[in-house]
Amino acid sequence: MSWTKFRLNKIALISIVFLTFTSCNNNEGSTDIKESVKKKEVETFTEEEKIIRQVESVLGISATETYDIDIQYKFIDQDTLKDALILVNRREFAFQKAKNTDTERFFKETGNTGLYNYIFLLKGGEQRIISTNPVGSNANYPLKVEFLELTSKAHKDFYVEFRVRNSLHRNYYTVRNNRIYLTFSCPVFDKIGESEPLVYDIKHQTSSVRIAKDIALFKGQIVGYNPKNIDDINEFQPEEVTNNGELFVYFIFNEKTMKYVTPMPAMEK
């Protein structure tokens, strides 16, 4: 897997760019020379630096903010150019905002939940990033991504997992043209800390009549689960999940709506 991960404090980067421009402006010359210098500087940015600048512009990230940005390169659409999937987490901004608005207690009680995890995509050969809705989730946990072949053999889909209080959820996405579609969303587990949590073993099943794979949720169990041994229900992560073969619900992909639809309850035996 080819990927790059940054944790940025942009003061140093901006200082370098500022000093470069100051040096150029101190030299007398024509407007054409100045414009040529600026164009040359822009062209010397790496692809990753260009992505970072666009992300910061879209989200309004200040020069002093520290945040996480994870850039992963995959062949996501059907052309032969690698695409860049970009995941952004603004934990520092989230906690600072809660402090500034005097909502720290409420923020903690809700499991540090808010719109502070973001998904962007830069398609190979394109100049501008595209985005989808931010993921409401625990700001302490950056999104975790997995790539898979799901809705089509010509496209690479992906899903992200995220925390919401004492639960873990999963969003599935696919890309068509210049749009990121949220095709499906479901819990992985919920009600951690209770005697009987909700747990699902999620399977992607090949269909004999459909190109896209189906998504099946089986009723699962957490191996060794004991709520008395859990220190923090908002951070719990099971080591192993099993199922007894009992199908809970089944979804099929609708190409027209770009959604997994028509849940079909398991038939009674």
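**Exercise 1. The largest pocket**

Which element gives the most to the lining of the largest pocket, and with how many residues?

*Solution.* Start with the top contributor: α3 supplies 5 residues, the most of any element. This is a predicted model. Next, take the volume: the largest pocket holds about 270 Å³ of space. Its lining counts 15 residues, and K50, Q54, L122, E126 and Q127 are the closest to its centre. Then check the elements that give two or more residues: they are α3 (47-59) and β3 (83-89). Finally, sort the lining by class: 8 residues are charged, 4 are polar and 3 are nonpolar.

**Exercise 2. The setting of E246**

Place E246 in its strand, then decide: is E246 buried, partly exposed or exposed?

*Solution.* Locate the residue: E246 sits in β13, the strand that spans residues 241-254. Now take its relative accessible area, which is 37%. Buried requires under 20% and exposed requires over 50%. E246 is therefore partly exposed. Next, set aside neighbours within four places in sequence: E246 then touches F218 and K219. Last, follow K219: it lies 27 residues from E246 along the chain, yet their C-alpha atoms are 5.9 Å apart.

**Exercise 3. The whole chain**

Summarise the chain: how many helices and strands are there, and what share of residues counts as buried?

*Solution.* Count the elements: 5 helices and 14 strands. Then take burial: 42% of the 269 residues count as buried. Turn to the surface: the accessible area is about 16,100 Å², with 50% belonging to carbon and sulfur atoms. Close with contacts: among those with a separation of 6 or more, 54% join residues 24 or more positions apart.

Notes. Residues numbered from 1 in each chain as written. Predicted model: local features only at pLDDT ≥ 70, side-chain atom pairs only at ≥ 80, totals over all residues. Heavy atoms only, no water. 1 Å grid on protein atoms, 1.4 Å probe; cavity = no way out; pocket = protein on both sides within 12 Å on 5 of 7 lines; lining within 4 Å. Points joined across faces, edges and corners; volume = space filled by probe spheres on them. Helix = DSSP H or I, 4+ residues; strand = E, 2+ residues; numbered from the N terminus. Nonpolar A, V, L, I, M, F, W, Y, C, P; charged D, E, K, R; others polar. Buried < 20%, exposed > 50% of the residue type's maximum accessible area, 1.4 Å probe, protein only. Contact = heavy atoms within 4.5 Å. Areas by Shrake-Rupley, 256 points an atom, 1.4 Å probe, with all protein chains shown as cover.
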